[in-house]
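Me: Please take a close look at one helix in this model and explain how it sits among its surroundings. After that, go on to other parts that help to place it.

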Amino acid sequence: MPESEAPNPQTVLQRAREGFFLTPAIYAAAKLNIADHLDAGLQRVTELARAARVNEDALHRVLRLLASQGIFEETTAGTFRNTGTSELLRTGVPGSLRAQFLFWGSEFCYPSFGEILYSIETGEPSRTKLCGMDGFAYLRQNPELARVFDDAMAAMAEAVSPGIAAGYDFGRWESLMDVGGGNGMLLVNILNAHPNLRGVLADQEHVLERARQKGLLGGALAARVAMTPCDFFREIPAGCQAYMMARVIHDWTDEQASIILSNCRSAIPPKGALLLVENALGEMNRPSEGRYVDLAMLVLTGGRERSVEEYRTLLACSAFRLNQVFATRTNYLVLEAFPS
């Protein structure tokens, strides 16, 4: 871009500041089911406030800010309707982002960014400071929050799984174990794309129980898929030719990731493969989803997004050789590694 067309530096920072206000406002609208109420026919802020059991004036102030950004539309003073953008805050619609905003605005996430200096000073996740324990341990002690987390992860998986499944020839392997695969959404997409592939969903027992309740791996897929309990810090089950971990390694430090990868190495046969699905960091000085997620990993888990070369080094420490990297039509890469 020519220098004369470059954004005004002050404007750039002001827009960034506006995001500070918008994210909690969107979270509040999602939490209060405003888009669902509008879809049900409620339009006046008086009706919306009554349905959500909140202060009418305060709700109006939040909604008119969001309407100024195209998230809802104020048709007359105090009367609102959905837009194409706010439709994505409804429950259960294709592509809905409601679960993700409930997650990012929750006590599990949002306060941690306010303590970002702690993470920068120490290199440790600020969420641990706030919760007094590891984040995943905190989720196990707070079932309602765990459901918010699960719903958000499921929504993210639903959005990107078709693109990931189409970005690599998973069918070249006779069997695939999805380690830490959650409710199985990605595995479902892969199995549907490759009718001859056999799949295994491996995760902790309570996660598998939720996967059974979701039922994504039932029906026609039931004969081709199994579920097996797995704690990847202890042992990963043998029995498959290829092993996939999607959005798993980025949650952990290099030391923790090496333990997981070493356990993978013990399970994978000599002619097998490890497939890591992780965010692309992108080019220097260019925006990318991976750079935002990397900051989230800093304050939330202590993990990190990594460059391809960093993954190459990490894999080599666990006796893997990075063979090839496949771009997908999402922000995710598939890193194919073989036992070295």
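Reply: What follows starts with helix α4 and then moves on to other helices, salt bridges and loops.

The model is predicted, not experimental. Helix α4 runs over residues 56-67 and has 12 residues. From its first C-alpha to its last, α4 reaches 16 Å, close to the 16 Å expected at 1.5 Å a residue.

Which residues of α4 are buried? They are Leu59, His60, Leu63, Leu66 and Ala67. These residues lie on the same side of α4, because they cover an arc of only 130 degrees around the axis. The partners on that side come from several elements: the buried residues of α4 pack against the helices α1 (9-31), α2 (34-39) and α3 (45-52), and also against the strands β1 (73-76) and β2 (79-81).

Helix α4 also holds a salt bridge. The side chains of Arg61 and Asp57 meet at 3.4 Å, N to O. Both residues lie in α4, 4 residues apart, which is about one turn of the helix. Asp57 counts as partly exposed because its relative accessibility is 46%, a value between the limits of 20% and 50%.

One more residue in the span of α4 deserves a mention, Leu65. Together with Phe20, Phe21 and Tyr110, Leu65 makes a nonpolar surface patch of about 390 Å². Tyr110 belongs to helix α6, residues 110-114. With a relative accessibility of 31%, Tyr110 counts as partly exposed.

Helix α11 gives a second case of burial. It covers residues 185-193, and 7 of its 9 residues are buried, so α11 is largely enclosed by the rest of the structure. The buried residues are Met185, Leu186, Leu187, Val188, Asn189, Ile190 and Leu191. They pack against helix α10 and against the strands β3, β4 (198-203), β5 (225-229) and β6 (242-246).

A single buried side chain can be followed in helix α5, residues 98-104, where Phe103 lies. Phe103 counts as buried because its relative accessibility is 5%. Neighbours within four places in sequence aside, Phe103 is in contact with Phe108, Cys109, Val148, Phe149, Ala152 and Met153. Phe103 and Gly302 are 199 residues apart in sequence, and their C-alpha atoms are 18 Å apart in space.

Salt bridges come next. The count for the model is 13. Besides the pair in α4, the side chains of Glu309 and Arg312 meet in a salt bridge at 3.2 Å, N to O. Both lie in helix α15, residues 308-316, and are 3 residues apart, about one turn of the helix. Glu309 counts as partly exposed because its relative accessible area is 47%. Arg312 is partly exposed as well, with a relative accessible area of 35%. Elsewhere, salt bridges that share partners join Asp39, Glu87 and Arg90 into one network.

Another salt bridge is formed by Glu336 and Arg172, with the closest N and O atoms 2.7 Å apart. This pair links distant parts of the chain, with the two positions 164 residues apart in sequence numbering. Glu336 is in strand β9 (residues 332-339), whereas Arg172 is in the loop between α10 (143-166) and β3 (175-179). Are the two partners buried or exposed? Glu336 is buried, with a relative accessible area of 0%. Arg172 is partly exposed, with a relative accessible area of 45%.

Two loop residues complete the account, both with a positive phi. Asn33 has a phi near 60 degrees, a positive value in a residue other than glycine. Asn33 is placed in the loop between α1 and α2, two of the helices against which the buried residues of α4 pack. At 26% relative accessibility, Asn33 counts as partly exposed. Ala319 is not a glycine either, yet its phi is positive at about 65 degrees. Ala319 is found in the loop between α15 and β8 (320-327). Its relative accessible area is 29%, so Ala319 counts as partly exposed.

To return to the helix of the request: α4 has its buried residues on one side of the axis, and those residues pack against α1, α2, α3, β1 and β2. Within α4, Arg61 and Asp57 form a salt bridge.

Methods
Residues are numbered from 1 along each chain as its sequence is written. This is a predicted model: local features need pLDDT of at least 70, side-chain atom pairs count only at pLDDT 80 or more; totals for chains, interfaces and linings use all residues. Side-chain values use heavy atoms; hydrogens and water are left out. Patches are made of residues with over 30% relative accessible area and no salt bridge: like charges are joined within 9 Å, nonpolar side chains (Val, Leu, Ile, Met, Phe, Trp, Tyr) within 5 Å. Accessible areas come from the Shrake-Rupley method with a 1.4 Å probe; for residues, only the protein chains shown count as cover. A salt bridge is a side-chain nitrogen of Lys or Arg within 4 Å of a carboxyl oxygen of Asp or Glu. Buried means under 20% relative accessible area, exposed over 50%, partly exposed in between (1.4 Å probe, protein chains only). The expected span of a helix is 1.5 Å times one less than its number of residues. The arc is that of the directions from the helix axis to the C-beta atoms. Contact means heavy atoms within 4.5 Å.
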